[in-house]
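Please go through the structure below with the text that follows. The account moves from single helices to a helix pair and then to the core.

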Amino acid sequence: CSGGKTDAQVENGMNVCESLPKSNGDTEILDIPGNFDSISFDPTLTSTEEFVKQVEGYTLSHLAINHHFLQKVSSASIGKENTAKLLFQFFTAYTRFNKEFAGNVTRLRDIITNPRHKVILDANLAEENGIYNEETLVELEGLGIGRESVQNIPHPELYKDFVANFRMILQRSYNYDPRDIVPENVEGINKETIAELTADGKFGLLAGIHFGSELIVPELYSKLLQGLRLSCDMSNEDARFLILHIDVDQTHAENLRKIIIDNCVTMEDRIRIVKNTEKILNARVEFYNALISSNIESQNW
């Protein structure tokens, strides 16, 4: 049961073998993260809210947001210039890793049937296309980010502007013209994982969107933003893509949580959510590892 682990699974800690009853009366041996046991998956012993809380705890303690790459860049412990260069390489590669997000939200919206859940996902998609409520726009203005620089601008365009501005800051601050360095296997890591999640329908997509993205993005982007502020002169306007997601994705996670709770009623539902969550989080770890192993500044590690 412990064989055949990916590098990310080994690095993130041991799984455990649990014998779980199946609906037909048989038992099934599953290789699951050590944070869970048969009680976690049994709806008669663990409520849906408590189960979701356990998966969220597992997610927030995972290497996906506690990797040594993030620790180093968030503290600029390898020096300001090297930190800035590594962050640029991260953001260039991340374009390839995270490009399926909006498409996955659309796929999930198309296959779920609950009208309340569709409304939540519609709001998420609207913000992906640059449509925000007045409260969010006023909050951003208070941080020095003009509404005209975010309103009606799709997030992929915001991200492209962010990377372009970062490139100019590197040129100005360190006389450094960065190359777009993307590890060869980064896109493959994402494609393989997304294919597996999509194949499992709503359970795979829910795990990828909530636990693999919206829940962790505020903390992940906060660490990256801290590294940027320590390593280069980047204004809030230039960093608006990150700041926007640190704020907005907290609300997204709270709303998506409602969909998760309504879709983890049975033991089988819960197993699928946990296994898919493990896949997407481990893919993020593999992404960091791939970035480090192919990085031109690898001597810093």
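Helices (H or I, at least four residues) and strands (E, at least two) are DSSP runs, numbered from the N terminus. The model is a predicted one, in which local features need pLDDT of at least 70, side-chain atom pairs count only at pLDDT 80 or more, and totals for chains, interfaces and linings use all residues. Residues are numbered from 1 along each chain as its sequence is written, and side-chain values use heavy atoms, with hydrogens and water left out.

Helix H7 (residues 115-128) contains His-117. This His-117 counts as buried because its relative accessibility is 3%; buried means under 20% relative accessible area, exposed over 50%, and partly exposed in between (1.4 Å probe, protein chains only). Apart from neighbours within four places in sequence, His-117 is in contact with Ile-112, Lys-258, Ile-259, Asp-262 and Asn-263, where contact means heavy atoms within 4.5 Å.

In helix H8 (residues 134-142), the buried residues are Thr-136, Leu-137 and Leu-140. They lie on the same side of H8 because they cover an arc of only 100° around the axis, the arc being that of the directions from the helix axis to the C-beta atoms. Glu-135 and Gly-142, on the other side of H8, are exposed. Just after H8, Gly-144 has a positive phi of about 85°.

A second histidine, His-62, sits in the loop between helix H3 (48-60) and helix H4 (68-75). With 1% relative accessibility, His-62 counts as buried. From His-62 to Ile-216 the C-alpha to C-alpha distance is 9.9 Å, while 154 residues separate the two in sequence.

How do H4 and helix H12 (residues 217-231) pack, and at what angle? Their axes are 6 Å apart and make an angle of about 40°; axes are lines fitted to C-alpha atoms, for helices over the stretch in contact, and angles run from 0 to 180 degrees between N-to-C directions. H4 and H12 are therefore oblique to each other, since angles under 35 degrees count as roughly parallel, over 145 as roughly antiparallel, 65 to 115 as roughly perpendicular and the rest as oblique. H4 contributes Leu-70, Val-73, Ser-74 and Ser-75 to the contact, and H12 contributes Leu-220, Lys-223, Leu-224, Gln-226, Gly-227 and Leu-230.

The largest nonpolar core has 86 residues; such a core is a set of buried Ala, Val, Leu, Ile, Met, Phe, Trp, Tyr and Cys residues joined through side-chain atoms within 4.5 Å. Helix H14 (residues 267-293) gives the most to this core, twelve residues.
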